[in-house]
Amino acid sequence: MTEYQSELLRTLTARGYVHQMTDAAALDALAAKQVVPGYIGFDPTAPSLHVGSLVQIMLLRRMQQTGHKPVVLMGGGTGKIGDPSFKDEARKLMTDDVIRTNVASIQTVFERFLTFGDGPTDAVMVDNAEWLDRLEYIPFLRDIGQHFSVNRMLSFDSVKLRLDREQSLSFLEFNYMILQAYDFRELSRRMGVRLQMGGSDQWGNIVNGIELARRVDGTEVYGVTTPLITTADGGKMGKTMSGAVWLNEAALPAYDYWQFWRNTHDADVGRFLRLFTDLPLDEIARLESLGGAEINEAKKILANEATAMCRGREAAELAAETARRTFEEGTAGEALPTHRVDGNSIGVVDALVALGLVASKGEARRLIKGGGARADGVRIEDEGAQLAVGPDGVRLSAGKKHHGMLTSG
């Protein structure tokens, strides 16, 4: 492994964040001698980001921890189009009001991971609608469009795979990579940004921005991409049977967030500790070397640390205690998802959906048919069953690891 001069690249490589870099030697030299402003873009397609975005958020956190300036770019402008990268179909277009609401909601998550302010290494959040909404079409085509080859744009995997599958790619989406490249140049001019980071699917877009900055302004800027994070069983990070693992508390209770990390595959524990916690590398090496039942203690530490970072230490401790009481004592802890039942009963299918233990009624029926649903520890056999909910409530379980409480109204 290359021995870098800068703490930034030493940290990113040691913790497993780096997939590709442009001119690593030049970036390393720059980061060793000055504060480097670096950015990542996030399109506000929902009121919350999910765990699939967490590697990128942690990249910005690592930048700040190593003495550099994180720039969070919200895609208020590009979000009106949607990134076509490796998507099967076009995203639904959002109104300005929806975008503004989503941006405000997402910002609260970043405030847990980054320190915002006016200092040289304080994080800042900007919105590309500030410059993209003001662009005039003909001048943009003349000044920026001339630097892009359609032949080359068609060769990028994000576009090529869509066309190879004969799936429609609108001219609107095709422009996305030009706008992303323009963002890089604009941030370079406005804020001295010298680094763009993103997932491996963003490589082509990042390279476009680097070339545009060099051709138009003669400025040297750099790119870093992260590997696609998959789980040991080959699944996509952050996707579960019950849906996305959202970062906002309003979208997913802290207990469910904690439980997601607790359910990590044994083989992923060390890697996830390096990527998603601030624990020292020597402590992580010790934890990932644990064998047998002891690896479960490492998983609890992962769950505690990851949840504390995103939801606060108190929420993490409450979730851990709820899990202990639920699994070790067979009682219900305060942090379990709850649903108040109007009246004294509720259908079991509706109850499973209301608690968020399943994503749909169809999934609830499949769970019951497979013998995975239990009420107060007793297997539910009939999908049409009504659950009587008294003063003590009913603990509903989906499999061995997902639980919720029904309470009377």
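## Exercises on rings and charges

At 0% relative accessibility, Phe 110 counts as buried. The model is predicted.

**Exercise 1.** Classify the pair formed by the rings of Phe 42 and Phe 110, and say which parts of the chain the pair links.

*Solution.* Start with the search of the whole structure, which finds eight aromatic pairs. For Phe 42 and Phe 110, the ring centres lie 5.0 Å apart and the planes stand at 70°. Planes over 60 degrees apart count as edge-to-face. The pair is therefore edge-to-face. Next, place the residues. Phe 42 is in strand E2 (residues 37–42), and Phe 110 is in helix H4 (residues 96–113). The two are 68 residues apart, so the pair links distant parts of the chain. Last, check burial: Phe 42, at 5% relative accessibility, counts as buried.

**Exercise 2.** Describe the pair of Trp 261 and Phe 276. Then find the aromatic cluster with Tyr 257.

*Solution.* The centres of Trp 261 and Phe 276 are 5.1 Å apart, with 55° between the planes, and the pair is tilted. Trp 261 belongs to helix H12 (residues 254–262) and Phe 276 to helix H13 (residues 269–276), so the pair ties together parts 15 residues apart in sequence. Both Trp 261 and Phe 276 are buried. Now widen the view. One aromatic cluster takes in Tyr 257, Phe 260, Trp 261, Phe 272 and Phe 276. A charged residue joins the picture: Arg 311 lies over the face of Tyr 257, 4.8 Å from the ring centre.

**Exercise 3.** Arg 15 is buried; work out what its side chain reaches.

*Solution.* First, locate Arg 15: the loop between helix H1 (7–14) and strand E1 (20–21). Then look for an opposite charge. The nearest such side chain, Asp 278, is 5.8 Å away, and Arg 15 has no salt bridge. A salt bridge needs the atoms within 4 Å. Now turn to the backbone: the side chain of Arg 15 reaches the backbone oxygen of Arg 274 at 2.9 Å. Beyond its neighbours within four places in sequence, Arg 15 has contacts including Arg 62, Leu 273 and Pro 280.

**Exercise 4.** Compare burial for the two partners in the salt bridge of Glu 186 and Arg 190.

*Solution.* The search of the whole structure finds 20 salt bridges. In this one, N and O are 2.8 Å apart. Both residues lie in helix H10 (residues 176–191), four residues apart, about one turn of the helix. Glu 186 is buried, with a relative accessible area of 10%. Arg 190 is partly exposed, at 40%.

Technical notes:
Residues are numbered from 1 along each chain as its sequence is written. This is a predicted model: local features need pLDDT of at least 70, side-chain atom pairs count only at pLDDT 80 or more; totals for chains, interfaces and linings use all residues. Side-chain values use heavy atoms; hydrogens and water are left out. Rings of Phe, Tyr and Trp (its six-membered ring) pair if their centres lie within 6.5 Å; planes under 30 degrees apart count as stacked, over 60 as edge-to-face and the rest as tilted. Buried means under 20% relative accessible area, exposed over 50%, partly exposed in between (1.4 Å probe, protein chains only). A charge sits over a ring if NZ of Lys or CZ of Arg is within 6 Å of the ring centre and within 35 degrees of the ring normal. Lys and Arg count as positive and Asp and Glu as negative; His and the chain ends are not counted. A polar contact is a pair of N or O atoms within 3.5 Å; within protein, one must be able to donate a hydrogen and the other to accept it, and residues adjacent in sequence count only if both atoms are side-chain atoms. Contact means heavy atoms within 4.5 Å.
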